[in-house]
Amino acid sequence: MEEAVEILNERAGNILLTTGSKDLAAYMSGVAGARERIYARILPAAESLLMAHELDVPLAHIVAMQGPFSADLNCALIREYDIRILVTKASGARGGFWEKVKAARECGIELLVIERPRAEEGLGFEQVRSLLVQRVSRSMQGGN
């Protein structure tokens with residue numbers, strides 16, 4: 001997300017955020033001209049709307065809707081708000097990701113995709129090495 005904010009600061013034009021209200025604070029505080037440029041599509045839930053209000057998102061820049069959305073509806077929003085960059089998470093088919101991709105292509109705008117964090121499983125090389133050194137050291141001290 002930090003990288004996305006950097007990229008947005010290098011680009012001109014209006015931004016349609018479709019990443020939800022949880023990440024809204026980072027964009028509102030990090031993107032230059034956020035109040036004028038960012039249109040936030042969030043859930044029409046009281047907590048989401050309250051968060052947007054507390055972050056000083058102008059009412060005219062809040063799109064409170066429940067998705068997923070068709071490519072046509074995404075295109076309509078892009079045109080209505082003169083969007084130049086659509087920001088989305090890599091949410092897969094269930095989250096309407098491909099409809100956003102299609103809409104961005106059809107409307108000729110930039111698509112900025114936030115990847116899901118990769119779950120790290122297991123130990124890294126240095127962790128394994130350290131554990132082996134500890135075990136060898138213990139076994140040598142114990143005579144085993």
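Begin with helix α5 in this predicted model and select its buried residues together with everything they touch: they pack against the strands β1 (14-17), β2 (38-42), β3 (62-64) and β4 (83-89), and also against helix α6 (97-107). The residues to highlight within α5, which spans residues 71-80, are Ala-71, Asn-74, Cys-75, Leu-77 and Ile-78. Because these buried residues cover an arc of only 160 degrees around the axis, they lie on the same side of α5.

Now turn to the other side of α5, where Asp-72, Arg-79 and Glu-80 are exposed. Following the chain beyond the helix, select Asp-82, a residue that comes after α5 and has a positive phi, near 50 degrees.

Next, select Phe-97 and Trp-98, whose rings form an edge-to-face aromatic pair, with 4.8 Å from centre to centre and 80 degrees between the planes. The structure has two aromatic pairs by the rule applied here, and the pair of Phe-97 and Trp-98 is one to inspect with the side chains displayed. Are its two members buried or exposed? Phe-97 counts as buried because its relative accessibility is 11%, under the 20% limit, whereas Trp-98, with a relative accessible area of 54%, is exposed because that value is over 50%.

Finally, select Leu-123, Val-128, Leu-131 and Leu-132 and display the surface, where these residues make a nonpolar patch of about 340 Å². Val-128 has its place in helix α7, residues 125-141, and at 36% relative accessibility Val-128 counts as partly exposed, because this value lies between the 20% and 50% limits.

Note on methods. Residues numbered from 1 in each chain as written. Predicted model: local features only at pLDDT ≥ 70, side-chain atom pairs only at ≥ 80, totals over all residues. Heavy atoms only, no water. Buried < 20%, exposed > 50% of the residue type's maximum accessible area, 1.4 Å probe, protein only. Helix = DSSP H or I, 4+ residues; strand = E, 2+ residues; numbered from the N terminus. Arc of directions from axis to C-beta. Contact = heavy atoms within 4.5 Å. Phe/Tyr/Trp six-rings, centres within 6.5 Å; stacked < 30°, edge-to-face > 60°. Patch = residues over 30% accessible without salt bridge, like charges linked within 9 Å, V, L, I, M, F, W, Y side chains within 5 Å. Areas by Shrake-Rupley, 256 points an atom, 1.4 Å probe, with all protein chains shown as cover. Salt bridge = Lys/Arg side-chain N within 4 Å of Asp/Glu carboxyl O.
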